[in-house]
Amino acid sequence: MRTHKAAPTSIKPDPSNLEEAHPSPACPKPRVRDRIFQTACDLFYKHGIREVGVDAIATAAGTNKMSFYRSFASKDELVAEYLDKKSDEFWIWWDGIVSAHEGDARRQIEALFDAFVASTCFADSRGCALANASVELAEAEHPGRRVALKQKAEMQRRFRDLAAKAGARKADELGDALMLLMEGGYLTRRTFGHGSGPLHSAALTARVLIDAYTTAD
């Protein structure tokens, strides 16, 4: 008598293993360097540059120190690249807001501060990565500090330019005041948290400053 083999049991694949078993060309596994960099960016922003060492970055990225130093000549080089990335992100944010109000400098300033308060009051915000780095990196020649200084100098230039276009009597003075307001807002966010603090008044204060410098005597 012929015997019939039982049909193989149907086993449902584990969705969590599908990508590993059949990697998708559209979602390639990140390169080791990219993984280290993104991990470092997250850790630096959350915990601070000085607090996070190479061992911690390598471990969190699922690699080792040898792979770290194949990817980056030093932690300082990685820090500078991290701050370059944060600077680029900031200018993308800035340019997007300014371009939405082309030709109206006052409205551009107001919109920048409205968006600044909204984004910086967000629960996960740790303030400005470049301002934080300026506090942590005391050495004038540190490559990360040079990145931060370059970004802040450009920020000052842009605020002064917007103040002039808004018709301020003392454009440089107003531009500097606006920059101080934004930088101070970042710091008070770190001190008070996202629930309260002077940061919530920054957009209103910016409008008061603009009025003070553009209203006829």
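This tour goes through a predicted model in three stops, each beginning with something to select in the viewer.

**First stop: Cys-41 in helix α2**

Select residues 32-47, which make up helix α2, and pick out Cys-41 within that helix. With a relative accessible area of 4%, Cys-41 is buried. Now add Tyr-82 and Lys-85 to the selection, since these are the residues in contact with Cys-41 once its neighbours within four places in sequence are left aside. A C-alpha to C-alpha distance drawn from Cys-41 to Lys-85 should read 8.9 Å, although the two residues are 44 residues apart in sequence.

**Second stop: the aromatic rings around Trp-94**

Next select helix α5, residues 75-99, and display Phe-90 and Trp-94, which both lie in this helix and stand 4 residues apart, about one turn of the helix. Phe-90 counts as buried at 10% relative accessibility, and Trp-94 likewise counts as buried, at 3%. Which aromatic ring from helix α8 pairs with Trp-94? The partner is Phe-159, and because Trp-94 belongs to helix α5 and Phe-159 to helix α8, the pair ties together parts that are 65 residues apart in sequence. The ring centres of Trp-94 and Phe-159 are 5.0 Å apart and their planes stand at 70°, which is over the 60 degrees needed for an edge-to-face pair, so the pair is described as edge-to-face. Both of these residues, Trp-94 and Phe-159, are buried.

To see the wider setting, extend the selection to Phe-90, Trp-91, Trp-93, Trp-94, Phe-113, Phe-116, Phe-159 and Tyr-186, which together form one aromatic cluster.

**Third stop: helix α7 against helix α8**

Keep helix α8, residues 143-165, on display and add helix α7, residues 129-136; the axes of the two come within 9 Å and cross at roughly 130°. That angle makes α7 oblique to α8, and the crossing in which α7 passes α8 is left-handed.

To inspect the contact itself, show the side chains of Leu-130, Ala-131 and Ser-134 on α7, and then those of Arg-145, Val-147, Ala-148, Gln-151 and Lys-152 on α8, which they meet. Coloured by residue class, the residues of this contact between α7 and α8 divide into 4 nonpolar, 2 polar and 2 charged.

Terms used: Residues numbered from 1 in each chain as written. Predicted model: local features only at pLDDT ≥ 70, side-chain atom pairs only at ≥ 80, totals over all residues. Heavy atoms only, no water. Axes fitted to C-alpha atoms, helices over the stretch in contact; angles between N-to-C directions. Parallel < 35°, antiparallel > 145°, perpendicular 65-115°, else oblique. Left-handed = near helix turned anticlockwise from the far one by under 90°. Contact = heavy atoms within 4.5 Å. Nonpolar A, V, L, I, M, F, W, Y, C, P; charged D, E, K, R; others polar. Buried < 20%, exposed > 50% of the residue type's maximum accessible area, 1.4 Å probe, protein only. Phe/Tyr/Trp six-rings, centres within 6.5 Å; stacked < 30°, edge-to-face > 60°.
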